[in-house]
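This briefing concerns the structure shown below. Its topics are two helices, the nonpolar core and the surroundings of the ligand.

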Amino acid sequence: MTSQPLYKRVLLKASGEALMGGQGFGIDVAVADRIAADIAEVRGLGVEVGVVVGGGNIFRGVAVASKGGDRVTGDHMGMLATVINALALATSLRKLGVDTEVLSAISMPEICQSFSQRAALHHLEKGRVVIFAGGTGNPFFTTDSAAALRAAEMGAEAILKGTQVDGIYSADPKKDPNATRFDTLTHDEVLNKGLAVMDIAAVALARENAIPIVVFSIHEKGAFAKIMVGGGRATIVRD
Ligand code: UDP
């Protein structure tokens, strides 16, 4: 471990599920506050942080499509869910005194700023945490793909994918006692082995732009900051 952070700028992907805590739906404010504290700790190290939040704790487009509804409308609902989560996380960060801006891929100027690369870079350079809401702004995508896209646009040195467990396993460790954990993998290995860590489009975009993906447990307090200085438990995906 070093005392200096290994990264200057990173993109954290937090799923909607991460904000749900032990509830079956929605946002557990105590959990949002804890994740915000972890982000604040990393900002305290001087690392610039962008965050993409998912929406699965509130709505997923496939829920509409699976009941015979229009997938595109469902995905619009899912993207709106990510805006709700982004506002919740921004509120938690601001309570801690962390200067935070929400930029949405879908314009809703009364609620938050619209995304542009220039605005994002401006806020990051000012030391603000930037929360990217609205996914990519397009149906048939996921917030994992949004994370890879925004990481590329920001020039982020790594995508930090916060998951339910502390890395990538050969199988779901919650279901398979023989699952083994990887320390490192290449993007190609993740794709070829079909490892369920991020969707294919997201991993492919990260590979094309040579962005490492660090998979860690979003539930372990302080893990984000530890990884920034070379410690913590995680699987690192890089070529
Ligand atoms: N979504 C979308 N386009 C995007 C990102 C998200 O249409 O670029 C919709 C999609 O319906 C998805 C929902 O928003 O199911 C919530 O996003 P996601 O499932 O990625 O959230 P997470 O699983 O990370 O909570």
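**Helix α8 and its packing**

In helix α8 (residues 200-208), the buried residues are A202, V203, L205 and A206; buried means that 20 or more other C-beta atoms lie within 10 Å of the residue's own, exposed that 12 or fewer do, and partly exposed in between, with C-beta atoms placed from the backbone. Because these residues cover an arc of only 160° around the axis, they lie on the same side of α8, the arc being that of the directions from the helix axis to the C-beta atoms. The model is predicted: local features need pLDDT of at least 70 and side-chain atom pairs count only at pLDDT 80 or more, whereas totals for chains, interfaces and linings use all residues. Residues are numbered from 1 along each chain as its sequence is written.

- Helices (H or I, at least four residues) and strands (E, at least two) are DSSP runs, numbered from the N terminus.
- The exposed residues I200 and E208 are carried on the face of α8 turned away from its buried side.
- Packing partners of the buried residues of α8 are α6, β6 (158-163), α7 (187-192) and β10 (213-217); contact requires C-beta atoms, placed from the backbone, within 7 Å.
- A210, which follows α8, has a positive phi, near 50°.

**Helix α6**

- Since 10 of the 12 residues of α6 are buried, this helix is largely enclosed by the rest of the structure.
- Among the buried residues of α6 are T143, D144, R150 and M154.
- From first C-alpha to last, α6 reaches 16 Å, close to the 16 Å expected at 1.5 Å a residue; the expected span is 1.5 Å times one less than the number of residues.
- A146 is part of α6 and counts as buried because it has 27 C-beta neighbours inside 10 Å.
- Not counting residues up to four places away in sequence, A146 touches V52, F132, G135, T136 and F141.
- G155 follows α6 and has a positive phi, near 70°.

**Nonpolar core**

- The largest nonpolar core has 69 residues, and V51, L89, I131 and I159 have the most contacts inside it; such a core is a set of buried Ala, Val, Leu, Ile, Met, Phe, Trp, Tyr and Cys residues joined through C-beta atoms within 7 Å.
- Leaving aside neighbours within four places in sequence, L89 contacts A32, I35, A36, V51, V53 and I131.

**Ligand shell**

- Of the 24 residues around the ligand, G54, G56, G61, G78 and G135 come nearest; a residue is near a molecule if its C-beta atom, placed from the backbone, lies within 6 Å of it.
- The largest share of the shell, six residues, comes from α4.

Terms used
Two residues are in contact if their C-beta atoms, placed from the backbone, lie within 7 Å.
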